[in-house]
Amino acid sequence: MKNLVAFLAAVMLLAGGTSARAELVDKVAAVVNRDVIPLSEVQQRAAPELQRVNSEIDPHKRAEARAQLMKTALDTLIGEKLMESEVQQLGITTTEAEVDELVQDVLKQNNVSDMSQFEQLLKNEGFTLAGYKDMLRKRVVRDKLLRMKVGPKVKVTEEDLKAAYTQYTRLETEDVEVHARHILVQVDAKATPEQVAAAKQKAEGIAQEARRPGMDFSALARARSEGPSASDGGDLGYFKRGVMVPAFEKAAFNLKEGEVSEPIRTNFGWHILKVEERRNIAVASFEEMKPKLESKLLNEKTEKFLDQYVQELRSKANVEVKM
């Protein structure tokens with residue numbers, strides 16, 4: 001499930017869209033050439049992070065954090081509009097087979113074999129399968145554009161890899177990984193505050209039950225969890241830092257072996273987490289890590305040149321920010 005969370009987040013950052021409400025002047029966030037970005041679309045893009053801010057950030061700092069998130073979301077949408085225009089001018093297209101292949105990759109990565117289960121996961125995030133595929137189409141053509149415009153500039157040298165490996169070994173020898181299980185109480189993406197509070201109360205009751213002496217957490221997860229890992233007793237396996245969403249990771253690495261967390265909020269709902277085991281991380285050799293480090297550095301350099309490319313497009317476009 002963690003891969004799906006990350007993938008959905010990535011797709012949401014690449015998603016575009018329009019709204020009939022964009023015609024209302026007071027709802028326009030920006031105009032990019034002749035394309036309108038409605039305020040509602042910016043709010044929708046920022047919604048997952050805004051929820052995190054509301055639950056995790058000090059109340060005195062929330063206004064500033066929300067404003068920054070809205071600005072980041074708007075900048076992302078402006079970049080997408082600019083790239084969409086480039087895609088159209090260059091005649092870049094995709095096929096249904098390419099989109100279907102990408103969907104199958106997501107299913108495979110997350111051990112989801114049932115399409116109805118996948119559609120339910122999408123529904124929890126506020127997507128339909130048709131809408132999700134439409135976003136994937138936009139992602140595919142943008143990826144093709146970036147390979148054409150940014151790809152030739154991205155290079156990773158052997159010196160880059162060795163420096164990254166030195167940093168990796170320094171960090172890994174000081175860290176641990178945890179084996180955890182969780183129980184999920186689902187919350188719909190469009191849930192009201194009252195529904196969110198009711199789900200939290202239910203999760204708090206399950207957490208208390210999980211802490212009872214002799215309670216088998218895996219059996220409780222099979223009986224009470226509403227997530228796809230319920231059949232496996234909520235087993236998440238071993239994971240390192242930087243894999244799970246921040247709130248989930250913070251709880252996991254602060255718990256001792258055998259401890260059960262308070263309910264943790266993510267985009268999927270409320271989670272009750274139990275850490276089964278903590279262990280030191282065995283440092284992999286340079287040759288073992290080389291493919292992963294190369295992929296990481298390529299992504300980082302791609303992001304850098306992508307930002308530069310978007311800024312170039314923006315400098316040539318007529319962008320009017322109204323938000």
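**Notebook: a loop residue, a helix pair and aromatic rings**

I began with Asn33, which I found in the loop between β1 (28-32) and β2 (35-38). I note at the outset that the model I am reading is a predicted one. Asn33 caught my attention for its backbone, since its phi is positive, at about 55°, although the residue is not a glycine. For background I wrote down that most residues other than glycine have a negative phi. I then looked up the exposure of Asn33 and recorded a relative accessible area of 36%, which makes the residue partly exposed.

Next I turned to the packing of helix α7 (residues 158-172) and helix α11 (residues 286-316), whose axes lie 9 Å apart and meet at an angle of about 105°. As angles of 65 to 115 degrees count as roughly perpendicular, I entered α7 and α11 as roughly perpendicular to each other. Which residues of α7 meet α11? On the α7 side I listed Glu158, Asp160, Leu161, Lys162, Ala164, Tyr165 and Tyr168, and on the α11 side Phe286, Met289, Lys290, Leu293, Glu294, Leu297 and Lys301. Sorted by class, this contact of α7 with α11 comprises eight nonpolar and six charged residues, with no polar ones. I also noted that Tyr165, Tyr168 and Phe286 form one aromatic cluster, and that these three are among the residues I had just listed for the contact between α7 and α11.

I then searched the whole structure for aromatic pairs and found four. One of them joins Phe118 and Tyr132 in an edge-to-face arrangement, with 5.6 Å from centre to centre and 70° between the planes. Phe118 belongs to helix α5 (residues 115-124) and Tyr132 to helix α6 (residues 129-149), so the pair ties together parts that are 14 residues apart in sequence. Are these two residues buried or exposed? I found both Phe118 and Tyr132 to be buried.

Phe239 and Phe253 gave me another edge-to-face pair, for which I recorded 6.1 Å centre to centre and 80° between the planes. Here Phe239 sits in strand β4 (residues 235-239) and Phe253 in helix α10 (residues 246-254), 14 residues apart, and the pair links distant parts of the chain. Phe239 and Phe253 are each buried.

Last, I checked the record: in an unreviewed entry, UniProt lists residues 175-277 as "domain: PpiC". For that span I noted 34% helix and 27% strand, and its end C-alpha atoms lie 14 Å apart.

Key
Residues are numbered from 1 along each chain as its sequence is written. This is a predicted model: local features need pLDDT of at least 70, side-chain atom pairs count only at pLDDT 80 or more; totals for chains, interfaces and linings use all residues. Side-chain values use heavy atoms; hydrogens and water are left out. Axes are lines fitted to C-alpha atoms, for helices over the stretch in contact, and angles run from 0 to 180 degrees between N-to-C directions. Helices (H or I, at least four residues) and strands (E, at least two) are DSSP runs, numbered from the N terminus. Angles under 35 degrees count as roughly parallel, over 145 as roughly antiparallel, 65 to 115 as roughly perpendicular and the rest as oblique. Contact means heavy atoms within 4.5 Å. Ala, Val, Leu, Ile, Met, Phe, Trp, Tyr, Cys and Pro count as nonpolar, Asp, Glu, Lys and Arg as charged, and the others, Gly among them, as polar. Buried means under 20% relative accessible area, exposed over 50%, partly exposed in between (1.4 Å probe, protein chains only). UniProt positions are given in the numbering used here, feature names are shortened, and annotations may be inferred rather than shown by experiment. Rings of Phe, Tyr and Trp (its six-membered ring) pair if their centres lie within 6.5 Å; planes under 30 degrees apart count as stacked, over 60 as edge-to-face and the rest as tilted.
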